Structure formats: structure tokens, C-alpha cells
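Work through the exercises below with the model open beside you. Try each task before reading its solution.

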Amino acid sequence: MSLGTNIQQLRKSASLSQEQLADKLSVSRQAISKWETDQTLPEIDKILALSRFFSVSTDSLLDNLSIMDNSTYTNIPIDKKLTRFTKELIEQLNLKSRKVLFMLFSLLCFIAIGVSFIVNLAVEGTISWAMYPLYSVAVGWLIFIPVFFSRYILSLILLTISTIPFLYLLDGITPGKSWFFTLAIPSAIVGAVLIWITYLVIVHLKIDLFYRLAISPCITSLIANLVIDHYVNIYCGTTTSLLQLIINLFSNLAAVLVLAFIGYTRSNKRNSKRSL
């Protein structure tokens with residue numbers, strides 16, 4: 001069964017309308033409808049909320065779910081209440097862990113910028129190349145903030161809208177002729193398009209997750225490297241060595257084969273469970 005079918009059967013087993021379930025999860029009725037018809041997937045926090053509300057594990061919610069024949073969830077047994085409490089406790093601990101990781105990441109970014117400025121001043125007596133790590137670390141910090149709180153789509157949006165301003169700043173501090181309009185913008189556009197295509201493939205393609213991940217290196221790495229590297233070579237008058245092309249090709253092929261093998265193994269296990 002699909003995730004949408006699982007959600008729908010759980011909702012009906014609990015005698016809830018789409019509006020009532022939407023109200024419990026603080027989402028719109030349209031969101032519930034799209035989940036149940038597999039038009040969209042719930043975000044991670046909503047999957048956790050569904051798991052808590054229906055007192056089922058996230059694994060069973062995402063895989064073959066054995067629906068409980070209960071007309072209501074108001075009288076939850078003691079062991080179910082303890083399970084729900086345990087899940088909520090683990091979730092809170094995970095949230096605290098993410099906050100700790102976020103603070104450590106922020107501290108490391110601050111230290112990296114500080115060290116760059118200190119070394120730049122000590123060696124050259126002025127601020128010059130330290131602006132490169134300053135801009136790079138600042139943009140990286142901004143992009144990765146949502147990742148620590150499972151807001152991946154926001155990270156993609158920030159990555160998309162920050163790339164061109166970031167390259168513009170780098171162009172401003174780079175000596176020599178400007179390369180922003182001739183090189184940076186085309187490369188940024190190609191990269192953004194490929195990243196969003198990869199995101200749509202991973203989220204919406206109806207095949208095993210690892211099969212979808214296996215497609216990703218072909219889009220984001222192999223195609224991006226070939227297209228962008230070729231354009232950079234034309235602009236700079238350089239060529240990519242045969243060795244670099246071979247390394248790029250085989251590293252991507254290895255990633256594809258490993259991810260596809262994991263997806264094949266997972267699919268076989270699920271099919272075996274269903275046949276029992």
C-alpha cells in the first residue's frame with residue numbers, strides 16, 4: 001500500500017473526516033486530500049505527527065501498515081500511551097540534538113571566518129583574500145540553517161536565490177575583468193535548474209527512494225559537470241583532461257550502481273513480505 005492509502009485507511013478507521021484530521025494536524029483539508037491520493041508527500045514533521053496521532057510507528061506508516069480496527073482513538077491503552085510518550089520524548093531529544101548541532105556548526109563557521117581574517121592580516125597586513133571565505137561561509141551557513149530543522153525545501157530555495165548574489169560579490173572582489181554576466185549567471189541558471197529537477201525526481205517519482213537517489217548523480221553531478229565545465233573551458237580557453245572525465249564518469253557510475261542495488265534489495269524484501 002502507498003503512504004496515501006495508509007493515511008486514508010487510518011483516518012477512516014478513526015472515523016475522522018479529512019477536515020477533522022486536517023484540524024488535528026494544523027494543515028488544510030486540501031493537503032490531506034493530496035496526501036491520500038499520493039499527489040504530494042507529507043513533510044517529515046507531518047509524518048511524525050501522523051505517527052503520534054494514530055499511535056503507529058513511522059516504519060509501518062511508510063510501508064505495509066496493519067490497520068487497527070478501532071472506531072476511535074480516544075481510549076488509548078496504557079501501553080499505547082507509553083509508546084506515544086516515548087515517541088514524543090525521542091522527538092524532543094532529537095530537536096535538542098539538532099539545536100546543539102546547529103550551534104556547533106555556527107561556531108565552526110565563526111571560527112573559520114575569524115581565522116581567515118587573522119591569517120590574512122598577519123601575512124599581508126590588510127584584508128584581501130579573507131573576503132572569499134567570509135562570503136562563502138556566510139552563504140553556506142544561511143543555506144544549511146533549515147537543514148538542521150528538516151526544512152529541506154527552504155534550503156533549496158535559499159540556495160537558488162543566493163547563488164547569483166554570491167557570485168556577484170565574488171566577481172566584485174576578484175581582480176581582472178568581470179566574469180559575472182558572461183560566466184556566473186549562465187552557470188548558476190544551469191545549476192539551479194538541475195538541482196530543482198533532481199528535487200522533483202526524488203519527491204514525486206513513484207519508485208523506490210534509492211532508485212530515485214540513483215538518478216540524482218546523473219543529473220546534478222554528471223550533467224552539471226559536463227555542461228558547466230564545457231562552458232567554463234570555452235570561456236577560459238582551457239580543456240578538461242581525459243583523466244578528469246574518466247574519474248567523473250566512473251565515480252558517478254559507482255554511486256548510481258550502489259544506490260540502485262540498495263533500491264533493488266529493498267524492493268525484493270518488500271515483495272517478499274507481501275507474498276507471505
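A contact here means heavy atoms within 4.5 Å. This is a predicted model, in which local features need pLDDT of at least 70, side-chain atom pairs count only at pLDDT 80 or more, and totals for chains, interfaces and linings use all residues. Residues are numbered from 1 along each chain as its sequence is written, and side-chain values use heavy atoms, with hydrogens and water left out.

**Exercise 1. Describe the protein as a whole.**

Step 1. Take the secondary structure. Helices (H or I, at least four residues) and strands (E, at least two) are DSSP runs, numbered from the N terminus. The protein has eleven helices and zero strands.

Step 2. Turn to the contacts. Take those with a separation of 6 or more: 61% of them join residues 24 or more positions apart.

Step 3. Look at burial. Buried means under 20% relative accessible area, exposed over 50%, and partly exposed in between (1.4 Å probe, protein chains only). Of the 276 residues, 29% are buried.

Step 4. Finish with the surface. Accessible areas come from the Shrake-Rupley method with a 1.4 Å probe; for residues, only the protein chains shown count as cover. The total is about 16900 Å², and carbon and sulfur atoms hold 70% of it.

**Exercise 2. Find the largest nonpolar core and say which helices build it.**

Step 1. Fix the term. A nonpolar core is a set of buried Ala, Val, Leu, Ile, Met, Phe, Trp, Tyr and Cys residues joined through side-chain atoms within 4.5 Å.

Step 2. Locate the core. The largest one has 16 residues, and L25, L50, F54 and L61 have the most contacts inside it.

Step 3. Assign the helices. At least two core residues come from each of helix 1 (3–13), helix 2 (18–25), helix 3 (29–36) and helix 4 (44–54). Helix 4 gives the largest share, four residues.

Step 4. Note the second core. Twelve residues form another core apart from this one, including Y135, V139, L167 and L170.

Step 5. Zoom in on helix 4. Its buried residues are K46, I47, A49, L50, S51 and F54. After the helix comes S55, with a positive phi near 55 degrees.

Step 6. Check L61. Leaving out residues up to four places away in sequence, L61 touches L3, N6, L10, I47, L50, S51 and V56.

**Exercise 3. Are S15 and S26 buried or exposed?**

Step 1. Place them. S15 sits in the loop between helix 1 and helix 2. S26 sits in the loop between helix 2 and helix 3.

Step 2. Read the accessibility. S15 counts as exposed because its relative accessibility is 52%. S26 counts as exposed because its value is 64%.

Step 3. Add the backbone. Phi of S15 is positive, near 60 degrees, though the residue is not glycine. Phi of S26 is positive too, near 60 degrees.

**Exercise 4. Describe the nonpolar surface patch.**

Step 1. Fix the rule. Patch residues have over 30% relative accessible area and no salt bridge (a side-chain nitrogen of Lys or Arg within 4 Å of a carboxyl oxygen of Asp or Glu). Like charges are joined within 9 Å, nonpolar side chains (Val, Leu, Ile, Met, Phe, Trp, Tyr) within 5 Å.

Step 2. List the members. They are I223, L226, V227, L242, L245, I246, L249, F250, L253 and L257, with about 910 Å² of accessible area together.

Step 3. Assign them. Helix 10 (209–236) and helix 11 (242–275) each give two or more residues. Helix 11 gives the largest share, seven residues.

Step 4. Take one member. L226 lies in helix 10. L226 counts as partly exposed because its relative accessibility is 45%.
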